[in-house]
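Student: I would like to take a close look at one part of this model, and then see how some other residues are placed.

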Amino acid sequence: QCLNAKREGRVRAVIATVLETIPYNNEGIWGRKAMKERARRQVDHFIAISKRAKDALVKEGTDSKKITVIPYGIDTKRFIPHHANNDQTNVNILFVGRLEREKGVLDLLEAFIQCVRVEKQLGKQLHLTIVGVGSLGQTLADRMKAAGLLKNVTLTTSSYDDMPQIYKKADIFVAPSIPMKTWEEQYNIALLEAQASGLAIVTTNSGAIPENVGDCAMLIKPDDRHALTRALTQVISDPALRDSLGKAARKRAETVHDAKIVSRKIDHLYQNVLASVKAKT
């Protein structure tokens, strides 16, 4: 529709934002391949939210000069760190996302069960909050009950307005995403919220996640419950590590992902593209 509007002279330029990180993904869908080919020729510029997305575009045949990498941004005034947790005994872990296999939420619950079994050795009282909806909701509830964890795990949903407060109650954020055949984590907004909230982050090397978190998170292999359990145990048992990871996360949010920084980059790009189009007419 946008390209048609450009052809009819209703808009001067078209800029498209691209998340996809898997080259040629889903091109078996009728019309998809032709639509992408037209976009490559006629879109004036692409914003790729990650270098991985840019690489996918280039591999498909997009001119790299027509691509600028600009990541997602986050409101660092809305999502802010909580006060220091002086209670080193209680540790709250948070997951936010779709309750689906690829988000790794089942792996997280199993890893948490293992941590609870040794919590006395860790000297901690643990609690896991899972915020989201999806097809695995009942499976998670049944597993919590079978493991006797109804007091240790909260399975809930929330409005976005309440999410900053939910992050403030947490000490550790976990995003154990698992790449699938036709999907991998394209960026993960919840990781930005966790960074802005100053949480220690444990996540997986899936899709564009490494670009998102940089060096402010503990990265582990996807779909590896043992590795996830080890990482959680380490972060749970080491308050100094949690503190350093949390401070690094907040710094990254402020210096890389702050919405004002990102918006200025987008504005600069739009002005340049518009100037270039005007020069050609």
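Which residues form one aromatic cluster?

Tutor: In this predicted model, the aromatic cluster is formed by Phe 79, Tyr 160, Tyr 167 and Phe 173, and the structure as a whole holds 4 aromatic pairs. A pair of aromatic rings is described by the distance of the centres together with the angle of the planes. An aromatic ring also takes part in another kind of arrangement, since the charged end of Arg 98 sits over the ring of Trp 183, at 5.6 Å from the centre of that ring.

Turning to a charged residue, Asp 107 is found in helix H4, which covers residues 105-117. Asp 107 counts as buried because its relative accessibility is 4%, and buried means under 20%. The side chain of Asp 107 makes a polar contact with the side chain of Arg 225, at 2.5 Å. Leaving aside residues up to four places away in sequence, Asp 107 touches Arg 101, Ile 178, Asp 223, Asp 224, Arg 225 and Leu 228, so that the partner in the polar contact with Asp 107, Arg 225, appears in this list as well.

Ala 48, in turn, is found in strand S2, residues 45-48, and is buried because its relative accessible area is 0%. With residues up to four places away in sequence again not counted, Ala 48 touches Val 18, Ala 53, Lys 54, Ile 67, Thr 68, Val 69 and Ile 70. Val 202, by contrast, lies 154 residues from Ala 48 along the chain, and the C-alpha atoms of Ala 48 and Val 202 are separated by 25 Å.

Note on methods:
Residues are numbered from 1 along each chain as its sequence is written. This is a predicted model: local features need pLDDT of at least 70, side-chain atom pairs count only at pLDDT 80 or more; totals for chains, interfaces and linings use all residues. Side-chain values use heavy atoms; hydrogens and water are left out. Rings of Phe, Tyr and Trp (its six-membered ring) pair if their centres lie within 6.5 Å; planes under 30 degrees apart count as stacked, over 60 as edge-to-face and the rest as tilted. A charge sits over a ring if NZ of Lys or CZ of Arg is within 6 Å of the ring centre and within 35 degrees of the ring normal. Helices (H or I, at least four residues) and strands (E, at least two) are DSSP runs, numbered from the N terminus. Buried means under 20% relative accessible area, exposed over 50%, partly exposed in between (1.4 Å probe, protein chains only). A polar contact is a pair of N or O atoms within 3.5 Å; within protein, one must be able to donate a hydrogen and the other to accept it, and residues adjacent in sequence count only if both atoms are side-chain atoms. Contact means heavy atoms within 4.5 Å.
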